[in-house]
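Welcome! Let us take a short tour of the charged side chains in this protein and see how they pair up.

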Amino acid sequence: MGANTSHVSDLSENPSLKALVGTESISENDPFWNQLISFTFISPTNSADSKLLEEAVIPLAKILIENNPRSGNFGALVRIFLGRTKELKISTECQDQLFIWQAHNALFMIRCLLKVFIREMSEEELHLQFSYQERAPGSCGETGHEDLLEELLSNLIHLIVEVPLLDITYSILFEAVTTLLVFFSYQLFHKDILRDGLIYQHIMKGRCLSLTSRLVKTLLYNFIRQEKCPPPATHIFEPKAEGGLLYGLASGVASGLWSVFTLGGAGGSKAGMDQEHNPLPLSNQSLLLLLVLANLTDGPDWPNPYRQAITCFRNTQDTSSLPVEQPHTFQINFNSLYTALCEQQRSDQATLLLYTLLHQNTNMRTYMLSRTDMDNLVLPILEILYHVEERNSHHVYMALIILLILTEDDAFNRSIHEVVLKNISWYTERSLTEISLGSLLILVVIRTIQFNMTRTRDKYLHTNCLAALANMSAQFRCLHQYAAQRIISLFALLSKKHNKVLEQATQSLRGRQGDNTALPDYAQDLNVIEEVIRMMLEIINSCLCNSLHHNPNLVYALLYKRELFEQFRTHPSFQDIMQNLDTVIGFFSQRLEQAGSDLSVERVQEVIMKGAQALPTDRLKI
């Protein structure tokens, strides 16, 4: 990268870049390097600009791949960067912006080249590119004295954990995190899990291992802080009259790697667009790197240390001593982490982090479930499910599994019915001026089931939605009138679908005489629907057995649609579960008949309330 380049398209003609990728070796002491890394740029605002830059770099990188064994210039560039990282911490304390700026530029160039290298060659070939050095005539171009690849990886991690996050260090910290992500992108080009690769070995077992807990903690705090990219004035310098690179289109500092690494391919979704227009590049990249590290596979005889760190860290307020010291453990402010998780559920990677912590870190799960403001966490998850049409399937599944984990806790199931919400703006199907968090959760899960029945028809999604409702059912309290109606409406929809499939099966059997063609598997369809119907009946039954007197609105909805249940009374698959429903319907129907005809809604509710107190509990079989 060199003098007075103003457009990405000019890169291939830039004299300094042509010298870098050329056949001539450039000594590390040559003033050329200082000129090369003294360029100014403006951060890109979208992935399209970053892609333009990458396309411009590809031909240069390919020339360097061909010439580097002779010149060793790539290794020299890496050593120039490493030389500057040794003084970065002091430079930060002294506010030496020029030094930090040049170190950033060197790393930025390394990252751009690496991205092409990794796509073009194996890890072994990449390792060779690091090993080539400037050579005198007649000497060998490789050296065995140092492993420059491991040195770079180790220095990047040291940089991330030791350099404080300030306006003047934001860009270089972003580049360090992004460069590590680029190294891990090797997995994208392989179907098999890379356990034996050099990068994997260095990160999991090499000099980086001792920094495991500090790296995980730093990445978590980067996510917690949600720092926006500082204004250009804090990290851009005026270009010099000669030397230096000035190009105004794209540098990759707010790189489009969001769209490359985003989970589930959400780059084109509404959520992805929000991230693009409101970039928090360091926070986003730190979270992505954290998730990549956490999901590296265990080795044959060693566990993933980064996953160990994520699963065992504790609250800074926890002063208790551990009976057995856990490897890579550390302490972090749970309140700050909880707040960040609540605020960032628009992105699927933040939802994946929440799932990971709930599922694997018992300290964090216990803390979350003890919070009295669980609505701050649950409402964003419900909003993900409510806008299921706009979300990718990975995001929806993660949100659903999070609800499933939460509803395994009885205290959570009780507390959500005590939290009263007002005017939920994103719930547009009906005006809900006041509703409990528990009732809203039921409404959103039922809506997800109905969406799945008409669109995706995913049995796994059905099962998990119903499992969450089943977990909650014994603790249903004061269900909102609309929530009670939707429970019965869902049962009506399932009953209608059951009858339709049954009719289709009957008609196909009648018309089959003499026809040997294959028939649709109506028996399997019926089994699936009957399994779902049974789960719905069990949910209703569990509520009636455990909290009937707390749920008059459900009894009202049950009586209003009592004819729905008639066909299942004698069905062999449902006879046992229908006994309690028959008892409840019969008991309250009798009391309503005794109360007279033409009863108002208020009078019916009054009869139900009194009847709920009078119904002997031993008449219902649990």
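A salt bridge here is a side-chain nitrogen of Lys or Arg within 4 Å of a carboxyl oxygen of Asp or Glu. Keep in mind that you are looking at a predicted model. The structure holds 19 salt bridges, and the table shows some of them.

| Positive residue | Negative residue | Closest N and O atoms |
|---|---|---|
| Arg 111 | Glu 175 | 2.8 Å |
| Arg 207 | Glu 151 | 3.0 Å |
| Lys 62 | Glu 120 | 3.9 Å |

Let us begin with Arg 111 and Glu 175, which form a salt bridge. Arg 111 sits in helix H6 and Glu 175 in helix H9 (residues 170-184), so this pair ties together parts that are 64 residues apart in sequence. Is Arg 111 buried or exposed? Arg 111 counts as buried because its relative accessibility is 5%. Glu 175 is buried too, at 0%.

Next comes the salt bridge between Arg 207 and Glu 151. Arg 207 is found in the loop between helix H10 (198-205) and helix H11 (212-225), while Glu 151 belongs to helix H8 (residues 148-162), 56 residues apart. Arg 207 is partly exposed at 41%, and Glu 151 is partly exposed at 23%.

Glu 120 and Lys 62 form another salt bridge. This pair links helix H6 (residues 97-120) with helix H3 (residues 47-71), across 58 residues.

Salt bridges can also join up: Glu 54, Lys 115 and Arg 119 are linked in a network.

Finally, look for the positive surface patch formed by Arg 457, Lys 496, Lys 497 and Lys 500. Lys 497 lies in helix H24 (residues 481-510) and is partly exposed, with 31% relative accessibility.

Conventions:
Residues are numbered from 1 along each chain as its sequence is written. This is a predicted model: local features need pLDDT of at least 70, side-chain atom pairs count only at pLDDT 80 or more; totals for chains, interfaces and linings use all residues. Side-chain values use heavy atoms; hydrogens and water are left out. Patches are made of residues with over 30% relative accessible area and no salt bridge: like charges are joined within 9 Å, nonpolar side chains (Val, Leu, Ile, Met, Phe, Trp, Tyr) within 5 Å. Accessible areas come from the Shrake-Rupley method with a 1.4 Å probe; for residues, only the protein chains shown count as cover. Lys and Arg count as positive and Asp and Glu as negative; His and the chain ends are not counted. The place of a charge is taken as NZ of Lys, CZ of Arg, CG of Asp or CD of Glu. Helices (H or I, at least four residues) and strands (E, at least two) are DSSP runs, numbered from the N terminus. Buried means under 20% relative accessible area, exposed over 50%, partly exposed in between (1.4 Å probe, protein chains only).
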